[in-house]
2 protein chains.
Amino acid sequence: MGDAKQRIIVDWGTSSFRAYRFGADGEIMEQHQAASGILTVTDGDFEAALEREIGPWLTPQTEVLLSGMITSRNGWIETPYVEAPATLAQLAAGAREITAKNRMLLRFLPGVCVKGASPDVMRGEEIQVFGSVGPLESATVVLPGTHSKWVRVQAGVLHDFKSFMTGEVFAALKAHTILGRLIPEGSATDDAAFNAGVRQALNPASAGLLNDIFTTRSGVLLNRFPPEEIAERLSGIVIGHEIRGGLALGWAEGLIRVVGEPGLTRRYLLALRTAGMRAEAGPENAAVAGFRRLGAV
Amino acid sequence: MGDAKQRIIVDWGTSSFRAYRFGADGEIMEQHQAASGILTVTDGDFEAALEREIGPWLTPQTEVLLSGMITSRNGWIETPYVEAPATLAQLAAGAREITAKNRMLLRFLPGVCVKGASPDVMRGEEIQVFGSVGPLESATVVLPGTHSKWVRVQAGVLHDFKSFMTGEVFAALKAHTILGRLIPEGSATDDAAFNAGVRQALNPASAGLLNDIFTTRSGVLLNRFPPEEIAERLSGIVIGHEIRGGLALGWAEGLIRVVGEPGLTRRYLLALRTAGMRAEAGPENAAVAGFRRLGAV
């Protein structure tokens, strides 16, 4: 709008890179996604890595806003955590700016922490949360993934949250335990087996995650179900235990909004409804919506 | 005993091999342990593997009694499962015999299963259970390990049990997740940090294992405790959740007997006492005691 600045936002996580270039009226002109998470930048030269991903977008007039693990101790610039309850304005105020070699401006958003009896941290999800709720709305937002987050928003303020290592534990169980060795190659998606796992985890008689996962093995050995069901049952059990823990927080009296990649969102909606909850998918691109609310684009 | 037979027992598991040679009066003459679990026998020639471990003990007069994963689908001879409630006599009756090339007799013990709403299996632990309780005793026996077992014995009968993937999950978390990457080399044993993890898992406000393990990371990032405590806290959290699940079974109204390797037994006794339970160590060599009760030696 009479402003020659090129606005770019980058959501740069542990294992993924997502960037958007905006036009003068805030519309998305270009986007770029890659598996170039911060773990792939082994020499620590993040400026060169950014150049590799979106070099043609970068000029001295560019303003880049970054969030995610790129703002962590293992990233480019470590920003502090804003302590919850946190507002969008506090996120903006906590950003750190640097000028790159080519004179473009880089702004790194802070993360959010809770310091109660059970400390927790996030970096990157907060902008998706603000992008998926209205300015005065109260909601429970679930962001499934490697480290799933359950977030309590009250009257537009990010009030409290908990992380669950669901995705990473599932991956480790599949790749590095006896359970994974029993899974046949090319096991298909199977909602019935997935839901059986969810129900097992939610059963009040469950002896906990450590026992439930073992039954995917004993069930096969005792011919209760075929090995083709192990992966889906295991996924249902792990996600089901996340939901069990999340519901025990007492935050989700009403509607739960699930914000994530479409395939995973579908599974969480299925599991939450199996748990008897009302659940809906959040906006497709919550991060961009959050950056818009921040006034960045 | 007027009997020229050489009696040998072999407890051959997934990752370990233990053998004992007995004299005519049932005393242990020799023992041999190695990390030669069935997974190391990649060519399936278990007779050659047995020869490599204890060849000098083996003659045509030898009788070898085997238990553990060597009796499973992935072992030498697959024996059926005896369904719980199971007695020692049923174990003996379910054994399968073969004659080896050198004419010695091999007897493979069965495993035990439960087929209720939550199916479970064991192979090898059952003989330790019978070796750690009296013929008419009632007790809850806990066998910590890769796949920990909680076993309910009533009036000398193995009535029910549940497996917990505690050891294998802890190893996978340490070796294959972000938590492991934060653990400094050479972290020392630390009972206080271990117990803090146990208490966290047992806290009624816990949001479950998937959240509790993540706090070992966020606690370090927020300077609650040093990274040197991560491994012990994590161990306490995982063992604590096993105990939480085990206690929820309602089997352990009285004394809990812990049967396992001394270092692990010490940790479980510590954790069970932190949980307010009465707990004691079982006999040092429960498997040999079980084989004795079976009349095998």
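Visitor: Is the crossing of α6(A) and α9(A) left-handed or right-handed?

Guide: It's right-handed, a call made when the near helix is turned clockwise from the far one by less than a right angle; anticlockwise would be left-handed. Helices here are DSSP runs (H or I, at least four residues; strands are E, at least two), numbered from the N terminus. Before we go on: this is a predicted model, where local features need pLDDT of at least 70 and side-chain atom pairs count only at 80 or more, while totals for chains, interfaces and linings use all residues. Residues are numbered from 1 along each chain as written, chains are lettered from A and ligands numbered from 1 in written order, and side-chain values use heavy atoms, leaving out hydrogens and water.

Visitor: At what angle do α6 and α9 of chain A pack?

Guide: Compare axes, lines fitted to C-alpha atoms over the stretch in contact, with angles from 0 to 180 degrees between N-to-C directions. Helix α6 (residues 191–202) and helix α9 (residues 262–274) of chain A pack at about 50°, their axes 10 Å apart. That makes α6(A) oblique to α9(A) (under 35 degrees is roughly parallel, over 145 roughly antiparallel, 65 to 115 roughly perpendicular, the rest oblique).

Visitor: Which residues of α6(A) meet α9(A)?

Guide: A general idea helps: an α-helix has 3.6 residues a turn, so residues three or four places apart point the same way. In contact (heavy atoms within 4.5 Å), α6(A) brings Asp191(A), Phe194(A), Asn195(A), Val198(A) and Arg199(A). They meet residues of α9(A) including Arg267(A), Leu270(A) and Thr274(A).

Visitor: And how do α6 and α8 of chain B cross?

Guide: Helix α6 (residues 191–202) and helix α8 (residues 230–248) of chain B have axes that come within 7 Å and cross at roughly 40°. So α6(B) and α8(B) are oblique to each other, and their crossing is right-handed.

Visitor: What relates chain A to chain B?

Guide: Two copies of a chain are related by a rotation about an axis and a shift along it. Here, a rotation of 180° with 0.0 Å of shift superposes chain A on chain B, RMSD 0.1 Å (least squares on C-alpha atoms of residues with pLDDT of at least 70 in both). That's the relation of a two-fold axis. Ala172(A) comes closest to the axis among chain A's residues, its C-alpha at 3.1 Å. The same surface serves both copies, as 98% of chain A's contact residues recur in chain B.
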